[in-house]
2 protein chains.
Amino acid sequence: MEKRTALQVFEALSSGIRLDVYRCLVVAGRQGMVAGEIAAALDIPPTNLSFHLKNLTQSGLLWVEQEGRFQRYRANIEAMLAVIAYLTENCCAGRPQECVDFRRSQPGLAPLLPPLDCPAEGPGHS
Amino acid sequence: MEKRTALQVFEALSSGIRLDVYRCLVVAGRQGMVAGEIAAALDIPPTNLSFHLKNLTQSGLLWVEQEGRFQRYRANIEAMLAVIAYLTENCCAGRPQECVDFRRSQPGLAPLLPPLDCPAEGPGHS
DNA sequence: TCAACCATTCAATAATATTTGAATCATCAA
DNA sequence: TTGATGATTCAAATATTATTGAATGGTTGA
């Protein structure tokens, strides 16, 4: 993934309105929502919503499809997962055991160690 | 997770410099890096780096520890994972099968379906 | 075609974030 | 204690982003 792409995703989700919109669409799932529904659900003026929907779409977090005179938006779940992978790329210099030790050593209540998809070894880690 | 926390994390990672700093520290792992090392590695003026380190620390993405006259920074991997969980909270209205169908239906090259930790059912899903 | 509707673009304003150099604070080594 | 070093804070200038209302573009149903 290109740095620019990751930045666009983070920038997109750094606005309260856009975060609400994205989460709303994650919940909506396959069905998605048309712009007017989103505006009503979140009580945002259409002009302003358009601004944020455009940002989210350009970042790759949303797909949009025309439906008559409506615009239907859906969340792109994969875009977000790809960004996570980018963030943890080459974590702990590619040494999985150190990665586990490191996470265990952290102050936060983190004894769960959910998935990080640490690379087995070496350079390649998409 | 509170919305405010998630916003802080996204806002933090939406700057090119902060994204570089965080990724740098993810690679460094347990050992972390002192501010001067980061400044040298990324060629950023100390004043400006301080500004960004403060932002990252306040967002919870970094831990800082004093070491003599140095400040050692380490990435907080868990903070990021918690944000992912927040984003996918109640995805597809809590219906795992629809969640799978939805992701399979997406335009992106997404037939892999990496982890999403979809809830088994119902409300509770930290 | 026409009027109504959904949504977007445009231009201006308001609000935030970033960068810089100078000044400050704390620690170390002598 | 003093001078040097690592890093941060402060204040000002710059740059970027968000919001609003008016105007525009495309689609539907009569």
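Reader: What makes the pairing of A:Arg18 with a phosphate oxygen of DNA strand D a polar contact?

Author: In this predicted model, an N or O atom in the side chain of A:Arg18 is 2.9 Å from that phosphate oxygen. The cut-off is 3.5 Å between N or O atoms, so the pair counts.

Reader: What makes A:His52 a polar contact of DNA strand D?

Author: A polar side-chain atom of A:His52 lies 2.6 Å from a phosphate oxygen of DNA strand D. That is within 3.5 Å, so this pair counts too.

Reader: Which part of B:Ala35 meets a phosphate oxygen of DNA strand D?

Author: A polar backbone atom, at 3.2 Å. Chain B gives helix 3 (35-42), helix 4 (46-59) and strand 3 (70-75) to the surface near strand D, each with two or more residues. Chain A gives helix 2 (16-28) and helix 4 (46-59) on the same terms.

Reader: Which residues come nearest to DNA strand D?

Author: Of the 22 residues around the strand, they are A:Thr47, A:His52, B:Gly36, B:Ser50 and B:Tyr73. Sugar and phosphate make up 65% of the strand D atoms that come within 4 Å of the protein. By residue class, the surface has 8 nonpolar, 10 polar and 4 charged.

Reader: Why is helix 5 of chain B called mostly covered?

Author: Buried means under 20% relative accessible area. Of the 11 residues in helix 5 (77-87), 9 are buried. Among them are B:Glu78, B:Met80 and B:Tyr86.

Reader: What makes the link between B:Asn76 and B:Glu78 a polar contact?

Author: A side-chain oxygen of B:Asn76 reaches to within 3.2 Å of the backbone nitrogen of B:Glu78, at the start of helix 5. The limit is 3.5 Å, so the pair qualifies.

Methods. Residues numbered from 1 in each chain as written. Chains lettered and ligands numbered in written order. Predicted model: local features only at pLDDT ≥ 70, side-chain atom pairs only at ≥ 80, totals over all residues. Heavy atoms only, no water. Near = heavy atom within 4 Å. Polar contact = N/O pair within 3.5 Å; in protein donor to acceptor, adjacent residues only side chain to side chain. Helix = DSSP H or I, 4+ residues; strand = E, 2+ residues; numbered from the N terminus. Nonpolar A, V, L, I, M, F, W, Y, C, P; charged D, E, K, R; others polar. Buried < 20%, exposed > 50% of the residue type's maximum accessible area, 1.4 Å probe, protein only.
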